[in-house]
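User: I would like to go through the assignments made for this model and the grounds on which each one rests. Please take the terms one at a time.

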Amino acid sequence: MTRETETGHNLWRMLAPLTIWALHFLACYVAAAILCAKYPQIADLSPLRHLIFLVTFLAVAGVAYIGFSTLRIWRYSLDGDLDYDHDTPEERHRFLAHVTLMLCALSVIGILYVAIPAAIIGSCR
Amino acid sequence: MKMGGVCKIAVVCLFGFGLQGCSGERSALDPAGKEAEELAKLFWIMLSGAGIVWLFVLLATFAAVRFPSSTFAGIRPGLFIFISGVIFPTICLGGLLVHSLRLLPGARDAKADMIVKVSGEQWWWRVSYMSPGGEDVVSANEIRIPSDATVEFELTSPDIIHSFWIPVLGGKMDMIPGRTNHLRLHPEKAGVYRGVCAEYCGTSHALMGFPVVVQTQAEFDAWLKLEKSDAVPPGSPAAINGERLFMSTGCRACHTVRGTEARGQIGPDLTHFGGRKTVGAGILANTSANVEKWLRDTGKVKPAVRMPEFNMLHSGETRDLAAYLTGLK
Ligand SMILES: [Cu+2]
């Protein structure tokens with residue numbers, strides 16, 4: 001397998017986990033806010049909870065997919081050392097992959113933390 | 001010897017004064033209700049957790065300075081940082097998040113035994129109880145609730161934001177114009193406690209408190225029945241003259257005394273003022289002298305108060321007014 005180390009790492013890959021986190025956050029909060037404002041007498045998120053769980057699952061799956069494919073790139077770019085201080089395409093890839101992996105981990109934590117209230121409280125109060 | 005004395009003073013200064021705030025009628029760490037108990041527990045859990053982390057960091061720093069670096073050859077720095085800097089805090093914070101979410105009011109589905117509506121005014125509290133008969137029983141500046149009942153407070157405000165807080169019973173809840181917020185408290189120990197406004201609301205924010213009387217269900221029922229009734233007619237000649245003054249000097253434009261022609265809505269309901277513990281929203285003990293002081297120096301007792309000073313009345317008149325008001329048991 002050959003790989004074009006000279007071409008740029010797609011920055012979107014790095015930003016995607018954060019974007020998914022942001023969209024997930026928006027979807028959950030906006031949906032809950034609308035439901036609670038329109039139907040205050042329900043005072044209960046149950047109809048939405050399943051939707052929130054589904055969206056959460058999809059979001060985590062999306063980030064995990066990015067994470068694992070990044071892991072492949074990262075492994076690929078290992079050449080015996082873990083440095084990424086040098087100005088070579090190879091180390092640039094490793095650096096970006098490293099950052100992406102960290103952001104994936106952060107985003108998964110963020111997404112789960114956003115969903116926890118829906119799981120535990122499940123009410124508009 | 002000398003050192004010992006200095007140390008003792010230092011200890012008293014640091015802890016004596018510090019801890020004085022930690023017990024008594026208004027301390028969140030001396031709980032008298034379910035919610036406050038849980039909050040206090042959470043506080044101690046977090047404090048000890050933070051203490052352990054703090055000790056660990058101190059010891060690690062000490063070890064790093066004290067011992068040669070070869071001592072730590074077995075530890076992989078990257079892994080060490082990852083575990084103690086990423087995994088540990090994530091799990092800890094996650095656990096705390098789950099635990100504190102469970103404590104949120106409304107998370108429990110306990111049914112409320114009674115409802116009390118409280119409105120935050122500038123700078124006092126309008127209170128009304130939903131009586132079993134259905135109609136509201138209006139009162140002010142004091143809250144009475146039965147122990148061992150779940151009480152739901154419906155909190156609001158006509159103009160600016162206040163926050164309703166009874167530290168010994170539970171957390172606080174904002175009173176927001178145009179909104180009704182719900183707060184559930186479950187007192188367990190009878191006693192007289194103190195509530196405060198916990199959101200800065202203006203000049204006399206700090207002078208906006210209220211006593212909270214937690215009593216047995218029977219005592220509470222008797223009190224509510226009394227509170228619901230009209231005011232008792234004045235007994236002594238002084239009090240009779242006081243009532244006359246109350247109606248003629250303008251008090252009735254702002255205050256209600258049920259059973260009389262005073263039906264003002266601007267100030268606190270005074271129907272059973274004499275049965276309350278304080279004057280001026282929890283700031284003075286309810287004595288004739290303090291009522292007189294309130295009427296004469298209203299603006300000094302409470303800056304920016306929304307009640308005019310009646311210092312044009314002469315002392316005999318304020319005394320009679322005080323006799324009338326304190327007689328309204
Ligand atoms: Cu205030």
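Analyst: The exchange below treats the contact between the chains, then the strand pairing, and then the annotated spans. The model is a predicted one.

User: What makes chain B and chain A count as being in contact, and how many residues does each give?

Analyst: Contact requires heavy atoms within 4.5 Å. Under that cut-off, 13 residues of chain B and 8 residues of chain A take part.

User: How is the size of this interface expressed, and what is the value?

Analyst: The size of an interface is often given as the accessible area lost when the parts come together. For chain B and chain A the buried area is about 920 Å², and carbon and sulfur atoms account for 74% of it.

User: Which elements of chain B supply two or more residues to the side that touches chain A?

Analyst: They are α3, residues 77-103, and β8, residues 181-185, both of chain B. The largest contribution comes from α3(B), with 7 residues. By residue class, the side of chain B that touches chain A holds 6 nonpolar, 4 polar and 3 charged residues.

User: How many salt bridges cross the interface of chain B and chain A, and how many residue pairs are in polar contact?

Analyst: A salt bridge needs a side-chain nitrogen of Lys or Arg within 4 Å of a carboxyl oxygen of Asp or Glu. The rule finds 0 of them across the interface of chain B and chain A. A polar contact needs a pair of N or O atoms within 3.5 Å. Between chain B and chain A, 2 residue pairs are in polar contact, with both residues at pLDDT 80 or more.

User: What makes β1(B) and β5(B) a strand pair, and in which sense do they run?

Analyst: Pairing requires at least two bridges. Strand β1 (residues 114-120) and strand β5 (residues 151-156) of chain B share 6 bridges in the parallel sense, so they qualify as a pair. Within this pairing, S119(B) stands opposite T156(B) of β5(B).

User: Which sense describes the pairing of β5(B) with β8(B)?

Analyst: β5(B) and β8(B) are antiparallel, with 5 bridges. One position of this pairing sets E152(B) against R184(B) in β8(B).

User: How do you know that β6(B) is paired with β7(B) and with β9(B)?

Analyst: The criterion is again at least two bridges. Strand β6 (residues 162-165) is joined to strand β7 (residues 173-175) of chain B by 3 antiparallel bridges, where S163(B) faces D174(B). Strand β9 (residues 191-197) of chain B is joined to β6(B) by 2 bridges, also antiparallel, and W165(B) stands opposite V196(B) there. Both counts satisfy the criterion.

User: Why are residues 43-67 and 79-98 of chain B called a "transmembrane region"?

Analyst: The name comes from the UniProt annotation, an unreviewed entry, and such annotations may be inferred rather than shown by experiment. In the model, residues 43-67 of chain B are 96% helix, with end C-alpha atoms 35 Å apart. Residues 79-98 of chain B are 100% helix, with ends 27 Å apart.

User: Where does UniProt place the domain "Cytochrome oxidase subunit II copper A binding", and which residues does it cover?

Analyst: That unreviewed entry places the domain at residues 111-226 of chain B. The span is 9% helix and 47% strand. A further unreviewed annotation, "Cytochrome c", covers residues 237-329 of chain B, a span with 40% helix and 4% strand.

Notes:
Residues numbered from 1 in each chain as written. Chains lettered and ligands numbered in written order. Predicted model: local features only at pLDDT ≥ 70, side-chain atom pairs only at ≥ 80, totals over all residues. Heavy atoms only, no water. Buried area = accessible area lost by both parts, 1.4 Å probe. Polar contact = N/O pair within 3.5 Å; in protein donor to acceptor, adjacent residues only side chain to side chain. Nonpolar A, V, L, I, M, F, W, Y, C, P; charged D, E, K, R; others polar.
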